[in-house]
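Colleague: I'm new to this one, so could you walk me through it and tell me what the words rest on?
Modeller: Sure, have a look and ask away.

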Amino acid sequence: MARRRLNGLRILLTGASSGIGFAMASQLVNAGADVLVTARRRERLELLAQQTQSATGKLHLLDGDLTLASHRAALIRWCDEHWQGLDVLINNAGAGAIGPFALANVERLRRVMEVDFFAPVELTRLSIPLLQRGNRPAILNIGSVLAHRAVPNKSEYCAAKFALRGWAEALRVELAPMHIEVLMVSPSTTRSEFFDSLVDTDPNTPSKSVGSMSPEQVATKAISALVRSKREMILSLGGKALVAMGRWLPSLTDRVLEKTIPAASKPTSPE
Ligand SMILES: NC(=O)c1ccc[n+]([C@@H]2O[C@H](COP(=O)([O-])OP(=O)(O)OC[C@H]3O[C@@H](n4cnc5c(N)ncnc54)[C@H](OP(=O)(O)O)[C@@H]3O)[C@@H](O)[C@H]2O)c1
């Protein structure tokens, strides 16, 4: 399939105030795309606008909370009024949580599912009529290697990303007759602000916040997946190894992962 040209593409990108989304927005606008970015922190989106003001593409911002139906509707209205269509939706906004499932409150699961699953899925539902009027339309979901193999102490996040991947797989086939592509890119640990904004997580919880990839590297790979219409892409070698090991040696993988649980969060056996 021919490579997708970024110049002039009309893109709605979520989660652009930091990390992977910030880097993707910057790279896309520099490549000539017309990008509507969103996130809750308006000052960060303004910083992005400043940094990209001499780019060949255009950046537009609309801040708000994606878990609110009213904000999702406002984004779609903006695209309809200004563009009368949409070429690419990038579902990137997300949040994690760390800690044992048994000790967490009900709200943690609900919040993670709202941000990582219901918000992108419902935004996508609203965007389909606009994408049908788009130029070689596509939906790019930023998943996670944890959407392919789950790990302990991140059960809520894994569940949300697995749900996103399962939904996307069904949608890919449903939208094929409309010629709307559904793509998924799955990063491993990335050096973003992700580990500073964990949902209902004890700030002393150890987390592997130093990753091997920078947000800029992940953004470049995600954009190349969009350009080349790659339906599924796992970004790191470590991620690919974990997924392969989980698939072919599931019990051994469970045992190896069990050893990664910090002693402090292991359940105690009854006396
Ligand atoms: N970092 C990693 O290790 C890693 C690994 C695999 C996959 N991922 C995935 O990559 C994506 C980007 O994460 P990142 O690493 O770039 O993390 P990040 O730096 O924390 O960025 C997350 C983005 O999501 C936005 N967001 C969060 N909750 C929101 C809400 N309720 N409404 C609107 N926007 C919201 C944040 O903006 P505001 O706070 O301003 O609203 C921010 O722009 C996520 O889907 C994440 O699951 C990350």
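Colleague: How many residues surround the ligand, and which are the closest?
Modeller: There are 32 residues around the ligand, and S17, R40, N92, Y157 and S192 are the closest. A residue counts as near if one of its heavy atoms lies within 4 Å. Bear in mind that this is a predicted model, where local features need pLDDT of at least 70, side-chain atom pairs count only at pLDDT 80 or more, and totals for chains, interfaces and linings use all residues. Residues are numbered from 1 along each chain as its sequence is written, and side-chain values use heavy atoms, with hydrogens and water left out.

Colleague: What makes the pair between Y157 and the ligand a polar contact?
Modeller: A polar contact is a pair of N or O atoms within 3.5 Å; within protein, one must be able to donate a hydrogen and the other to accept it, and residues adjacent in sequence count only if both atoms are side-chain atoms. An N or O atom in the side chain of Y157 is 2.5 Å from an oxygen atom of the ligand, so the pair fits. A polar side-chain atom of S17 lies 2.8 Å from a ligand oxygen, and a polar backbone atom of G94 is 3.4 Å from one.

Colleague: How much of the ligand does the protein cover?
Modeller: The protein covers 96% of the 890 Å² of accessible area that the ligand has on its own. Those areas come from the Shrake-Rupley method with a 1.4 Å probe; for residues, only the protein chains shown count as cover.

Colleague: Why is S18 called buried?
Modeller: Buried means under 20% relative accessible area, exposed over 50%, and partly exposed in between (1.4 Å probe, protein chains only). S18 has 16%, so S18 is buried. The S18 side chain also makes a polar contact with the side chain of R41, at 3.2 Å.

Colleague: And why does A219 get that word?
Modeller: The relative accessible area of A219 is 0%, so A219 is buried. A219 is found in helix α6, residues 215-227; helices (H or I, at least four residues) and strands (E, at least two) are DSSP runs, numbered from the N terminus.

Colleague: How do you know that α4 has a kink, and where is the kink centred?
Modeller: The bend at a residue is the angle between axes fitted to the seven residues ending there and the seven starting there. In α4 there is a kink of about 45°, centred on E114.
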